[in-house]
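Please work through the exercises below with the sequence and the structure at hand. Each task is followed by a solution in steps.

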Amino acid sequence: MQKKIKEVIDSFSLRRNTKTVSIGNISLGGNNPIRIQSMTNTNTMDTKNCCKQICELVDSGCELVRIATPDIKSAQNLYEIKNTLLKIGYNVPLIADVHYNPKVAEVAASLVEKVRINPGNYFDRPSNKKRWTYKEYNEELERISLRLLPLVETCKRFNCAIRVGTNFGSLSQRIVSKYGNTPIAMAISAMEFTKILDSLNFDQIVLSQKASNVQTMIQSTKLLCYLLDKENLNYPIHLGVTEAGDGNYGRIKSAIGIGTLLSLGIGDTIRVSLTENPEKEIAAAMDILQASGKRIFKAEIISCPSCGRTKYNIEEALQEVKKACEHLKGVKIGVMGCIVNGLGEMADADYGYIGSGKGIVNLYRKKDLIYKNIPQNKALEKLISMIKEDGKWIDL
Ligand code: SF4
């Protein structure tokens, strides 16, 4: 029974064992932190604005930046972008996002740290074919292998990684003819490319399975991990819900898709796709990682929803505590409405700020009562003094 209990708990907490992939000065997979990435939405030919946006992303906490690379000219311009960034001290790994044109991928691979290719449109000759014989299907895989070879050689020469980025909306006709438009088709599509890359002795691979439907994204990613691990191809996984939208709904959709897989131990890098300024994606990504307990960026401040037992202004108190203490990475503070349940509910918090009566609060260090019945307007000052006494305070 004990063994079974451990198995059940581990299946929701242990991180999938993945190989480590180097992307410039960043390592991804293995025991490395789950990396945060985003994508520019500026014109790739506009070096100045691209660099400006990349710097803003990096300053917000972005660790890898993807750039749309639609043609040879934009691939060549990655050189200008890279050098401009290096000159101003931004050595962030760049990822070229390539569709349709293997030549573009090859140029980009000589200039940046990672190239994202889409197995649905990297090399799939346009066809109205509805059925493929076994022989035709395998001949096509051989052609893909030949077409990938120059990219792999360039990647090996320039230390460039490859993301095999499968999208539900752009699966190849060949795959769809055999597996339909399904999560299975997505996983098989990625597996085919991974096996080809592996057969070419290339191991700097990252994979993603993106869909705007959260269930599809979760199912195909889980299935892909199962297939990869079965073949000892345990490459790292990039998570994201594509076309998630904006605002609250976009964030909730991304949190469900990304968070579910993170909770299952799957995921080595994430992108929260939002129809907003890319910088906003970074804060959302950090919140998803912190809320799922995978990375810590700031203080963990928990608070109860309050109820009829709350006799002080808890909303105001919470905002004050957040403003003053959120930067204290690793510190856990509970802001609770009442002493009836608050102390028990704040669980393992380092400090408790708990309503004890009308306009008054008690302050706790762990479960120990330190200050009793303090007027709310004096409580923050006392809380900060406790944090300072413990040597956990950092001036902003
Ligand atoms: S901690 Fe107290 S005030 Fe907050 S919700 Fe629970 S019972 Fe209500």
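**Exercise 1. Packing of two helices**

In this predicted model, helix α11 (residues 314-325) packs against helix α13 (residues 376-389) at an angle of about 30°, their axes lying 11 Å apart. Determine how α11 and α13 are oriented to each other, and which residues make the contact.

Solution.
Step 1. Angles under 35 degrees count as roughly parallel; α11 and α13 are therefore roughly parallel to each other.
Step 2. The crossing in which α11 passes α13 is right-handed.
Step 3. From α11, the contact draws on Glu316, Ala317, Glu320, Val321, Ala324 and Cys325, and from α13 on Gln376, Leu380, Leu383, Ile384 and Ile387.
Step 4. Sorted by class, this contact of α11 with α13 has eight nonpolar, one polar and two charged residues.

**Exercise 2. A second helix pair**

Helix α7 (residues 183-199) and helix α8 (residues 214-230) pack at an angle of about 40°, with 8 Å between their axes. Classify the orientation of α7 and α8 and the residues in their contact.

Solution.
Step 1. An angle of about 40° falls outside the limit of under 35 degrees for roughly parallel; α7 and α8 are therefore oblique to each other.
Step 2. α7 passes α8 in a right-handed crossing.
Step 3. Residues of α7, including Pro183, Ile184 and Met186, meet residues of α8, among them Leu223, Leu224 and Leu227.
Step 4. The contact of α7 with α8 comprises eleven nonpolar, four polar and no charged residues.

**Exercise 3. The ligand shell**

Which residues surround the ligand, and how do they divide by class?

Solution.
Step 1. The ligand is surrounded by Cys304, Ser306, Cys307, Arg309, Thr310, Gly337, Cys338, Asn341 and Gly342.
Step 2. This shell divides into three nonpolar, five polar and one charged residue.

Note on methods. Residues are numbered from 1 along each chain as its sequence is written. This is a predicted model: local features need pLDDT of at least 70, side-chain atom pairs count only at pLDDT 80 or more; totals for chains, interfaces and linings use all residues. Side-chain values use heavy atoms; hydrogens and water are left out. Axes are lines fitted to C-alpha atoms, for helices over the stretch in contact, and angles run from 0 to 180 degrees between N-to-C directions. Helices (H or I, at least four residues) and strands (E, at least two) are DSSP runs, numbered from the N terminus. Angles under 35 degrees count as roughly parallel, over 145 as roughly antiparallel, 65 to 115 as roughly perpendicular and the rest as oblique. A crossing is left-handed if the near helix is turned anticlockwise from the far one by less than a right angle, and right-handed if clockwise. Contact means heavy atoms within 4.5 Å. Ala, Val, Leu, Ile, Met, Phe, Trp, Tyr, Cys and Pro count as nonpolar, Asp, Glu, Lys and Arg as charged, and the others, Gly among them, as polar. A residue is near a molecule or strand if one of its heavy atoms lies within 4 Å of it.
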